[in-house]
Amino acid sequence: MRKRVQDSYLAKCFLVVFLCFVVDSTIHYFLPYNFTKTGITITPYLGLMMFALLVRTIDGAERYFFATICSLYYSVVYANSLAIYILIYCLIAFVRSYLFKLDTLNIVESTIFCVLTIFAQECIVYWLMWITNMTRYPMVSFVVMQLLPTLLLNAVLSVIIYWIYNKVKIEVK
């Protein structure tokens with residue numbers, strides 16, 4: 001019986017994160033995208049924020065299965081890069097589960113954690129693109145035109161994610 005309840009909870013977590021990714025796409029569609037990299041580029045990360053909060057509520061090795069499936073979906077649909085996002089999402093699962101062990105987060109802690117998670121992902125991806133010569137976007141331009149606007153928008157959106165996260169936890173438990 002406990003296994004079936006946990007499988008049901010895992011399915012609900014997948015559904016919630018998937019819906020957050022869909023909302024990400026919708027929001028991103030209406031935000032300005034700058035092909036020439038001369039203006040502001042903003043990327044919403046609702047799915048990543050929801051994943052980072054929910055992964056702590058999943059037990060044992062299933063959290064890494066959850067991380068792998070979520071990262072595969074993100075990689076195939078959005079990023080066109082498989083390995084790096086699998087590593088990033090599994091690293092987030094590890095950090096959230098073993099280093100950042102708070103079971104209950106208030107809204108400020110949740111916002112800080114989500115913003116730091118997005119900051120780390122953006123920096124890792126930028127650094128890997130830089131060392132593999134996939135980009136020559138200057139770091140100052142990256143920080144001012146992409147990283148800061150993305151972090152500001154997602155800090156605001158993290159309040160909504162926190163509310164949804166609490167609803168999901170309460171309804172399932």
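**Entry 1: the largest pocket**

I began with the lining of the largest pocket, and by class I found 15 nonpolar, ten polar and three charged residues there. A reminder to myself: this is a predicted model. I then looked up the volume, and the largest pocket holds about 900 Å³ of space. Its lining comes to 28 residues, and Tyr-74, Tyr-78, Tyr-85, Val-125 and Met-129 are the ones that lie nearest the centre. I also asked which elements give two or more residues to this lining, and got α1, α3, α4, α5 and α6. Helix α5 gives the most, with six residues.

**Entry 2: the second largest pocket**

Next I turned to the second largest pocket, which has a volume of about 240 Å³. How does its lining divide into nonpolar, polar and charged residues? I counted ten nonpolar, two polar and no charged. The polar pair is easy to pick out by name, as Thr-117 and Gln-121 are both in the lining. Other lining residues include Ile-88, Leu-91, Ile-92 and Val-95, along with Phe-100, Ile-112 and Phe-113. I noted that α4 and α5 each supply at least two residues here. Again I checked which helix gives the most, and it is α5, with seven residues.

**Entry 3: the nonpolar core**

I moved on to the largest nonpolar core, which has 43 residues. Within it, Val-17, Met-50, Phe-51, Leu-54, Phe-66 and Tyr-89 touch the most other members. The helices that each supply at least two residues to this core are α1 (2-30), α2 (46-54), α3 (62-79), α4 (83-99), α5 (107-131) and α6. Which of them gives the most? My lookup says α2, with eight residues.

**Entry 4: helix α2**

That sent me to α2 itself, where nine of its nine residues are buried. The buried residues run from Leu-46 and Gly-47 through to Leu-53 and Leu-54.

I took Met-50 as one case. Setting aside neighbours within four places in sequence, I found Met-50 in contact with Val-16, Val-17 and Cys-20, and also with Ile-161, Ile-164 and Tyr-165.

Leu-48 was my other case, also in helix α2. Is Leu-48 buried or exposed? Leu-48 counts as buried because its relative accessible area is 1%, and the cut-off for buried is under 20%. Not counting residues up to four places away in sequence, Leu-48 touches Phe-21, Tyr-89, Ile-92, Thr-117, Ile-118 and Gln-121. Among these contacts of Leu-48, I recognised Ile-92, Thr-117 and Gln-121 from the lining of the second largest pocket. I also looked up one distance: Leu-48 and Ser-71 are 23 residues apart in sequence, and their C-alpha atoms are 9.2 Å apart in space.

**Entry 5: Thr-150**

Last, I went to Thr-150 in helix α6, which spans residues 139-172. I wanted to know why Thr-150 counts as buried. The reason is plain enough: Thr-150 is buried because its relative accessibility is 0%. Leaving out residues up to four places away in sequence, Thr-150 touches Thr-41, Ile-42, Thr-43, Tyr-45 and Ile-118. With Thr-43 there is a polar pair as well, since a polar atom of the Thr-150 side chain lies 3.2 Å from the backbone nitrogen of Thr-43. I closed the page by noting that Ile-118 appears among the contacts of Thr-150 and also among those of Leu-48.

Conventions: Residues numbered from 1 in each chain as written. Predicted model: local features only at pLDDT ≥ 70, side-chain atom pairs only at ≥ 80, totals over all residues. Heavy atoms only, no water. Helix = DSSP H or I, 4+ residues; strand = E, 2+ residues; numbered from the N terminus. Buried < 20%, exposed > 50% of the residue type's maximum accessible area, 1.4 Å probe, protein only. Polar contact = N/O pair within 3.5 Å; in protein donor to acceptor, adjacent residues only side chain to side chain. Contact = heavy atoms within 4.5 Å. Core = buried A, V, L, I, M, F, W, Y, C linked by side-chain atoms within 4.5 Å. 1 Å grid on protein atoms, 1.4 Å probe; cavity = no way out; pocket = protein on both sides within 12 Å on 5 of 7 lines; lining within 4 Å. Points joined across faces, edges and corners; volume = space filled by probe spheres on them. Nonpolar A, V, L, I, M, F, W, Y, C, P; charged D, E, K, R; others polar.
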